[in-house]
Number of protein chains: 2
Amino acid sequence: MARRIVGLLGASGETGSSILKGLTADANFDIVAFARPESLSKPANVALRDKGIQLRALDLEGPKAAMVMALKDIAILISAIGPRDQLAQLPLATAAKTAGVKRFIPCGYSTVMPVGVNQSRDQKEEVYNLVKRLHLPYTIIDVGLWYQISLPELPSGKIDYALGIPVRSIPGDGNTLTALTDLRDVGKYIAHVIKDERTLNQMVFVYNELWTVNQIYDLLEKVSGEKVPRKYSYAKDYEQQIVEADARLEQTPTDFVARAEKLGAQYSLSWGIRGENTPEFARYLGYLDGKKLYPDVDFTSYESYVQEVVSGKAQGVYDELKHLLKKATKGNS
Amino acid sequence: MARRIVGLLGASGETGSSILKGLTADANFDIVAFARPESLSKPANVALRDKGIQLRALDLEGPKAAMVMALKDIAILISAIGPRDQLAQLPLATAAKTAGVKRFIPCGYSTVMPVGVNQSRDQKEEVYNLVKRLHLPYTIIDVGLWYQISLPELPSGKIDYALGIPVRSIPGDGNTLTALTDLRDVGKYIAHVIKDERTLNQMVFVYNELWTVNQIYDLLEKVSGEKVPRKYSYAKDYEQQIVEADARLEQTPTDFVARAEKLGAQYSLSWGIRGENTPEFARYLGYLDGKKLYPDVDFTSYESYVQEVVSGKAQGVYDELKHLLKKATKGNS
């Protein structure tokens, strides 16, 4: 494949950092990281520039002509935009079409779900539908549940440092399989997907391993030597959480904690109760299976990740979110 | 394949009749035709029973338990429900899931389009999304533009008898390819699709031939020996028609003619201007290609269909619609 210019939005976010690492490890790509004009001098972006990454301003709320200019040499455009900015991809897709982008990767990178069960996924669907109305070449990539948000706390508190959003309870009977991926492997998969003609205009599901939550608890107990209390939540519990969160959002549409709790319950219902985050359900929805496309990709096993966490050497995620949630719920639980 | 019970809704409609014919010509299927309880004694349904088709009552507005009972021996459920009843398929899909239907064919049978450009397609999408939330096995089948609504009138008026909705003008420059299918071949394709494991949980696009509207006019002139006036309509014309129809629908939401005109403009924009009703765009949206799946299916060529029409031997479609539109627009054009 000829060397190609890949544009990346959100390079300093959790998924974006992994994607950036995957792209830089692959000699096929020249990388342009896009940032808001007012963010070019932020430490995270300065750090990118210090690493030799080309940084370019892109204002998603600015005039279309300026966006088209910024995108005009980009062959592959990857959006790893923040969870609250999904709809800002609408003008981005329109500009990408005009600029002649050869493949757009809209923000996906989540668990597998149908339309109508999760408000975050549904916003993404709005973007996917616009992409298709534009006839813009695309690939939609989902990556399953991150290792980094798959573990409960240990009684000793010794793995709290690594848990962005700790698992608070076991969905259903805990025996539903779900696909797990190390966030650090996400970028490697994406580097494979975007240079693969088989994935053009397709949905692709990449993942490392399949585990049940009971198996995860068993493994954590074995590796840590601690007993982890098991609390179970059922469909009606999650549905109740959604009803309560909706009531709070009705009062205060900007209630950050209520929104996070609603989304959390919607995710748990999907992957934990209905078992939608699996290769079988992904195939049912029309996804290509990453294991069949790339059987030889080297990835971190879940077992070695758990050992890393227990030995104190892992890296946490969502530090900012964790901090915000802790502040907002202080005294509530 | 073991003999299978196929349930069919709408067997007396335009598409349903073709499907029924395709199913009866195939020895693999036992057929159950479903009808509303109050319609069982209508002439069209009596005619079905006289042909030896098993007729069974199904009330889509009735209790779920009764629907489940009616569906409980059905392996493959095909919905060819009327254009104004699309959302009645929502309770049908839910009952089909409970009844253990092995494959549901929701109403499709249209031209290929993305989401958000056609109100009829968008209602179907609501049904498809529910099907996926139910994890109900499905196949979505689109069939392109019917031969039967692809021709303009001849100055002599001699083919008026065969034209359900005559083509009034040529979309764009008339050089956009569109996929055409003889309505009479639709059932044959569907009989192939529903017994094919490759099409389970997929979208499939079946069609006969690709033609441009200019080629169609040329052919009709050659076969008839008449000169057909060519009037062209452009994107802005169709958009204006939609704006005007919306204004009338705002006043009178039940305005039947306004709704038909809006839909007509939306269809023309899609297949005639943007060129969405093609194997290439279908592939882009994720459809399987019927020509690749069933290269040996015998079908009526477009040329022989046009000869049939000009020789006075063709069968019209949408007689009821034609009558209603004529009555409603009397004196308007």
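**Salt bridges, a buried helix and a two-fold interface**

A:Lys195 is partly exposed, with a relative accessible area of 29%. Here buried means under 20% relative accessible area, exposed over 50%, and partly exposed in between (1.4 Å probe, protein chains only). This is a predicted model, in which local features need pLDDT of at least 70, side-chain atom pairs count only at pLDDT 80 or more, and totals for chains, interfaces and linings use all residues. Residues are numbered from 1 along each chain as its sequence is written, chains are lettered from A and ligands numbered from 1 in the order in which they are written, and side-chain values use heavy atoms, with hydrogens and water left out.

A:Lys195 pairs with A:Asp26 in a salt bridge, with the closest N and O atoms 2.4 Å apart. The term covers a side-chain nitrogen of Lys or Arg within 4 Å of a carboxyl oxygen of Asp or Glu. The two partners are 169 residues apart: A:Lys195 is in the loop between α6 and β10 (202–205) of chain A, and A:Asp26 is in the loop between α1 and β2 of chain A. Helices (H or I, at least four residues) and strands (E, at least two) are DSSP runs, numbered from the N terminus. A:Asp26 is buried, at 11% relative accessible area.

A second pair is A:Lys222 with A:Glu303, at 3.5 Å from N to O. A:Lys222 belongs to helix α7 (residues 213–224) of chain A and A:Glu303 to helix α12 (residues 302–310) of chain A, so this salt bridge ties together parts 81 residues apart in sequence. A:Lys222 is exposed, at 61%. A:Glu303 is partly exposed, at 33%.

A third salt bridge joins A:Asp246 and A:Lys262, 2.8 Å apart from N to O. A:Asp246 is in helix α8 (residues 235–251) of chain A, and A:Lys262 is in helix α9 (residues 256–273) of chain A, 16 residues apart. A:Asp246 is partly exposed at 31%, whereas A:Lys262 is buried at 13%. Shared partners also join A:Asp218, A:Glu221, A:Lys227 and A:Arg230 into one salt-bridge network. Over all chains, the count comes to 38 salt bridges.

Now look inside chain A. Helix α1 (residues 14–24) has several buried residues, among them A:Ile19, A:Leu20 and A:Leu23. Their cover includes β1 (4–9), β2 (29–35), α2 (43–50) and α6 (183–194) of chain A. A:Pro106 is buried too, at 1% relative accessibility. A:Pro106 sits in the loop between β5 (103–105) and α5 (119–133) of chain A. A:Ser79 is 27 residues away in sequence, yet 5.2 Å away in space, C-alpha to C-alpha. Beyond four places in sequence, A:Pro106 touches residues including A:Ser79, A:Val127 and A:Ile140; contact means heavy atoms within 4.5 Å.

Finally, the interface. Chain B and chain A each give 18 residues to the contact. The area buried between chain B and chain A is about 1,500 Å², with 55% from carbon and sulfur atoms; buried area is the accessible area (1.4 Å probe) that two parts lose on being put together, summed over both. B:Arg133, B:His135 and B:Tyr284 lose the most area in chain B, together 43% of what that side buries. Zero salt bridges cross this interface.

A rotation of 180° with 0.0 Å of shift along its axis superposes chain B on chain A (RMSD 0.0 Å). That is a two-fold axis relation. Copies are superposed by least squares on C-alpha atoms of residues with pLDDT of at least 70 in both. Of chain B's residues, B:Gly286 comes closest to the axis, at 3.9 Å (C-alpha). The copies meet through the same surface, because 100% of the interface residues of chain B are also interface residues in chain A.
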